[in-house]
Amino acid sequence: MKALFFLRHYNDIDHITPIISKWVGSGHQCDVVLIGSIKFRKDFRVQFLSKLKGVRVTHIRELFSLLEYIKWRLQMLLLTRNLRRLFIGPLISKLADKFHAEKREPLWRHTASKLLTRSFDNQQNGVIAFDWIERNSVICVEWVEIVVAMARDRGLGTVSLPHGDSPHANQLIRRGERSLEPDTLFSTAKIFDKLVVPNELCAKRFRPFLNDESIAVLGSPRFCEEWLPKLAEILPPSPLTKSDTRLKIVMFLRKDNFTTFWEEVGEVTQMISAFPNVELIIKPHTRSGWKQSLTKDKAIQRLTNVSIAKDNAHSAHLMNWADIIIDIATSVVFEAVRQKKPVLAADYLHAGRSTIASYMPETELKCRDDVYIKIDDFLSNGYDSFYVEEHRQQFLNEILDVGGVDVLPRYVHLLESQAQKNKL
């Protein structure tokens with residue numbers, strides 16, 4: 001069977017690579033088309049995929065003529081939020097109104113047809129997959145809707161795959177969110193035949209807009225037991241140096257549009273740095289770290305045992321390096337829970353309730369005193385018996401391994417069923 005996967009950015013590459021690997025490992029073929037930055041051509045996971053038998057990896061600019069690509073990109077910029085946030089935003093809005101949907105459609109249909117024909121050549125036995133495309137995506141929904149509609153007309157299945165998880169157990173987590181009504185941000189999922197989520201915590205965001213048959217809860221491909229050893233094999237050599245004489249701590253920061261109490265994050269960083277025999281690395285968010293005030297704080301930059309993670313230090317590198325992780329509600333630390341590495345859920349540093357703290361109360365930091373007490377205890381007594389194992393197992397069962405530990409075969413089975421559905 002044949003599949004066409006569209007990948008946009010760091011997160012969906014991270015979460016969908018395990019699925020693609022298992023898909024071709026099951027005897028199928030696929031095309032992978034990168035529709036985000038050209039820099040992801042060099043991503044270690046993309047390079048891993050490009051070497052697999054049965055996989056063709058291409059950036060979209062390589063499939064269109066230069067003129068086609070420029071037109072496609074300009075239409076994208078008219079509709080996405082990147083330029084509208086700048087001072088030229090009103091001008092972009094006026095241009096989009098003038099160059100309306102009816103005028104844009106021919107190019108959308110031409111480019112979509114080119115991609116679908118290349119992968120399937122009018123075959124009616126295949127499936128296309130995007131990640132969780134949302135209304136604020138850097139790839140405009142209008143184009144995705146046309147790609148999906150044209151794929152369906154050709155008898156192809158259409159699937160939306162996870163690009164992450166739900167690190168928050170509550171709903172109101174971003175700036176400006178003040179209502180518990182269903183968030184229309186997630187309504188785009190209804191354009192697909194099937195939306196896939198790792199757990200019910202993610203599913204409930206989409207349920208107001210989809211019927212139950214359209215949602216599949218399959219567990220986490222990124223954090224499943226089968227993928228983590230493979231990830232360790234393909235991970236580039238770590239740029240980090242280990243020290244056995246210091247307590248090594250990594251702090252993972254959340255994306256900039258989530259409400260974080262930055263003044264207190266700075267205070268805690270200063271307090272941790274004052275402990276003897278402690279080394280702290282701060283990991284900004286992969287896509288908006290440059291916007292975060294902590295990474296520009298001169299006082300933080302002067303601390304000799306505190307550093308900001310460089311771009312070549314992947315999250316997995318940092319996870320392997322660290323003894324302890326301080327988390328401000330990110331899903332990347334789910335890997336550490338799987339490995340029984342202590343995660344301190346710093347819920348008092350942000351405006352949400354973390355999934356980790358809600359399942360494992362022993363991880364929660366409720367105030368600055370808690371941070372001090374935990375670090376002091378780790379330095380004095382070690383950290384081998386941190387989790388309440390019953391709590392950790394419940395987290396694994398309900399968040400990462402929903403339906404059992406054989407997560408990736410379930411994803412392959414779903415893609416197979418969607419590829420064949422119009423043949424039945």
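Q: What does an axis stand for when the helices of this predicted model are compared, and how do α1 and α17 lie by that standard?
A: An axis is a line fitted to C-alpha atoms, for helices over the stretch in contact, and the angle is taken between N-to-C directions. In this predicted model, the axes of helix α1 (residues 10–25) and helix α17 (residues 407–420) come within 9 Å and cross at roughly 70°.

Q: Why are α1 and α17 called roughly perpendicular?
A: Angles of 65 to 115 degrees count as roughly perpendicular, and the axes of α1 and α17 cross at roughly 70°, so the two helices are described as roughly perpendicular to each other. On the α1 side the contact is made by P18, I19, K22 and W23, and on the α17 side by L408, P409, Y411, V412, L415 and E416. These residues divide into 8 nonpolar, no polar and 2 charged.

Q: What makes R118 and D31 a salt bridge?
A: The cut-off is 4 Å between a side-chain nitrogen of Lys or Arg and a carboxyl oxygen of Asp or Glu, and the closest N and O atoms of R118 and D31 are 3.8 Å apart, therefore the pair qualifies. The pair links distant parts of the chain, with R118 in helix α6 (residues 101–120) and D31 in strand β2 (residues 29–34), 87 residues apart.

Q: Why is D31 counted as buried or exposed, and how is R118 classed?
A: Buried means under 20% relative accessible area and exposed over 50%, with partly exposed in between. D31, at 1%, is therefore buried, whereas R118, at 28%, is partly exposed.

Q: How do you know that R41 and E62 form a salt bridge, and where do they lie?
A: Their side chains meet at 2.9 Å, N to O, which is to be set against the limit of 4 Å. R41 belongs to the loop between β2 and α2 (44–50), and E62 to the loop between β3 (55–59) and α3 (66–79), 21 residues apart. R41 has a relative accessibility of 28% and so counts as partly exposed, and E62, with a relative accessible area of 42%, is also partly exposed.

Q: What makes E142 and R104 a salt bridge, and why is R104 classed as it is?
A: The side chains of E142 and R104 meet at 2.7 Å, N to O, and the cut-off is 4 Å. E142 is in helix α7 (residues 141–153) and R104 in helix α6, 38 residues apart. R104 has a relative accessible area of 6% and is therefore buried, the threshold being under 20%.

Q: How many salt bridges does the structure hold, and which residues are joined into one network?
A: The structure holds 26 salt bridges. Salt bridges that share partners join D14, D43, R45, R222 and E335 into one network.

Q: Why is the protein said to be as compact as a globular protein of its length?
A: The secondary structure comes to 17 helices and 12 strands. The radius of gyration is 22 Å, close to the 22 Å that the globule rule gives for 424 residues, so the protein is as compact as a globular protein of that length. Buried residues make up 55% of the 424 residues.

Q: Why is H168 classed as buried or exposed, and which residues does H168 contact?
A: H168, found in the loop between β5 (157–160) and β6 (194–197), has a relative accessible area of 5% and is therefore buried. Leaving aside neighbours within four places in sequence, H168 is in contact with residues including R254, F258, H350 and R353.

How values were computed: Residues are numbered from 1 along each chain as its sequence is written. This is a predicted model: local features need pLDDT of at least 70, side-chain atom pairs count only at pLDDT 80 or more; totals for chains, interfaces and linings use all residues. Side-chain values use heavy atoms; hydrogens and water are left out. Axes are lines fitted to C-alpha atoms, for helices over the stretch in contact, and angles run from 0 to 180 degrees between N-to-C directions. Helices (H or I, at least four residues) and strands (E, at least two) are DSSP runs, numbered from the N terminus. Angles under 35 degrees count as roughly parallel, over 145 as roughly antiparallel, 65 to 115 as roughly perpendicular and the rest as oblique. Contact means heavy atoms within 4.5 Å. Ala, Val, Leu, Ile, Met, Phe, Trp, Tyr, Cys and Pro count as nonpolar, Asp, Glu, Lys and Arg as charged, and the others, Gly among them, as polar. Buried means under 20% relative accessible area, exposed over 50%, partly exposed in between (1.4 Å probe, protein chains only). The radius of gyration is taken over C-alpha atoms; the globule rule is 2.2 Å times the number of residues to the power 0.38.
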